[in-house]
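Colleague: Hi, do you have a minute to walk me through this one? I'd like to get my bearings before going back to the bench.

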Amino acid sequence: MLVTPDDATRLLHAQVPLLAHAEVAVSHVDADRVVARAPLSVNGNHHGSAFGGSLSLLGIVTGWLLAYAGQATATPSRNIVVADSHSRYLRPLHADLVAEARWDPDQAAAYRATLAKGERAAVRLRVTVAGDGGTALEQDNRFVTVPA
């Protein structure tokens, strides 16, 4: 299982090489919360604000990592896909991007119990991306995991 944010960052970069180019780095990871960051300098647009695609990418990847790190199994499955993703762009972001994924304890328990039975599990996660004093993106994602 993931031990450190650096381990999680290496995993993400190996899984999706684009994340290394976007300089995505995990700053916190445990079974109930993930925080990932990306610098504005390589994720900006021509307005000097964060590119919408970078906001969305960071949100999805942060949720994916929680679906991975939150499995209560000795060998967590990496066979996780995003099945739905709905983004609400709330305001421009003129600073580094900071994404946070958490889940409802009941959702987490149901997800873990389903995986423990060896069955495919789905979970809904809410992710926010913020910086410079406010939330720029709220994202609702549904991930599906097939047990290892």
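**Sheet, core and rings**

Modeller: Happy to! Let's start with one residue pair: A25 stands opposite R37 in β2. Keep in mind that this is a predicted model.

Colleague: Good to know. How many bridges join β1 to β2, and which way do they run?

Modeller: There are 4 bridges between β1 and β2, and the two strands run antiparallel. They form a hairpin, with 3 residues between them. Another facing pair there is V29, which stands opposite V34 in β2.

Colleague: And what is the strand order in the open sheet?

Modeller: The open sheet has 6 strands in the order β1-β2-β4-β5-β6-β3, with antiparallel pairing. Its edge strands are β1 (25–29) and β3 (80–89), each of which pairs on one side only. From one strand to the next, the twist averages 20°.

Colleague: Which helix packs on that sheet?

Modeller: That's helix α3, residues 52–69. It touches β1, β2 (33–38), β3, β4, β5 and β6 (134–145), and its direction makes about 45° with that of β6.

Colleague: Back to the strands for a second. How many bridges do β2 and β4 pair over?

Modeller: β2 and β4 pair over 6 bridges, in the antiparallel sense. Within that pairing, A36 stands opposite A99 in β4. Moving along, 5 bridges join β4 (residues 97–102) to β5 (residues 121–131), again antiparallel. E100 stands opposite T128 in β5.

Colleague: Now the inside. Which residues touch the most other members of the largest nonpolar core?

Modeller: The core has 39 residues, and V24, L55, L58, W64, L65, L97 and V129 touch the most other members. The elements giving two or more residues to this core include α1 (5–15), α4 (105–116) and β5. The largest share, 9 residues, comes from α3.

Colleague: W64 caught my eye. What is W64 in contact with, leaving aside its neighbours within four places in sequence?

Modeller: W64 is in contact with L11, L12, Q15, R78, I80 and F143. W64 counts as buried because its relative accessible area is 11%, and the cut-off is under 20%.

Colleague: How many aromatic pairs are there?

Modeller: The count comes to 2. In one of them, W64 and Y68 are stacked, at 5.7 Å centre to centre with 10° between the planes. W64 and Y68 are 4 residues apart in helix α3, so about one helical turn separates them. Y68 is buried as well, at 6% relative accessibility.

Colleague: And which residues form the tilted pair?

Modeller: W103 and Y111, at 5.4 Å centre to centre and 55° between the planes. W103 is buried at 9% relative accessibility, and Y111 is buried at 1%.

Colleague: Changing topic: where does R91 lie?

Modeller: R91 lies in the loop between β3 and β4. With 31% relative accessibility, R91 counts as partly exposed.

Colleague: What does the side chain of R91 make a polar contact with?

Modeller: With the side chain of D132, at 3.2 Å. Not counting residues up to four places away in sequence, R91 touches G131, D132, G133, G134, T135 and A136.

Colleague: Last one: how far apart are R91 and A22 in space?

Modeller: They are 21 Å apart, C-alpha to C-alpha, and 69 residues apart in sequence.

Terms used
Residues numbered from 1 in each chain as written. Predicted model: local features only at pLDDT ≥ 70, side-chain atom pairs only at ≥ 80, totals over all residues. Heavy atoms only, no water. Pairing = 2+ DSSP bridges. Axes fitted to C-alpha atoms, helices over the stretch in contact; angles between N-to-C directions. Contact = heavy atoms within 4.5 Å. Buried < 20%, exposed > 50% of the residue type's maximum accessible area, 1.4 Å probe, protein only. Polar contact = N/O pair within 3.5 Å; in protein donor to acceptor, adjacent residues only side chain to side chain. Core = buried A, V, L, I, M, F, W, Y, C linked by side-chain atoms within 4.5 Å. Phe/Tyr/Trp six-rings, centres within 6.5 Å; stacked < 30°, edge-to-face > 60°.
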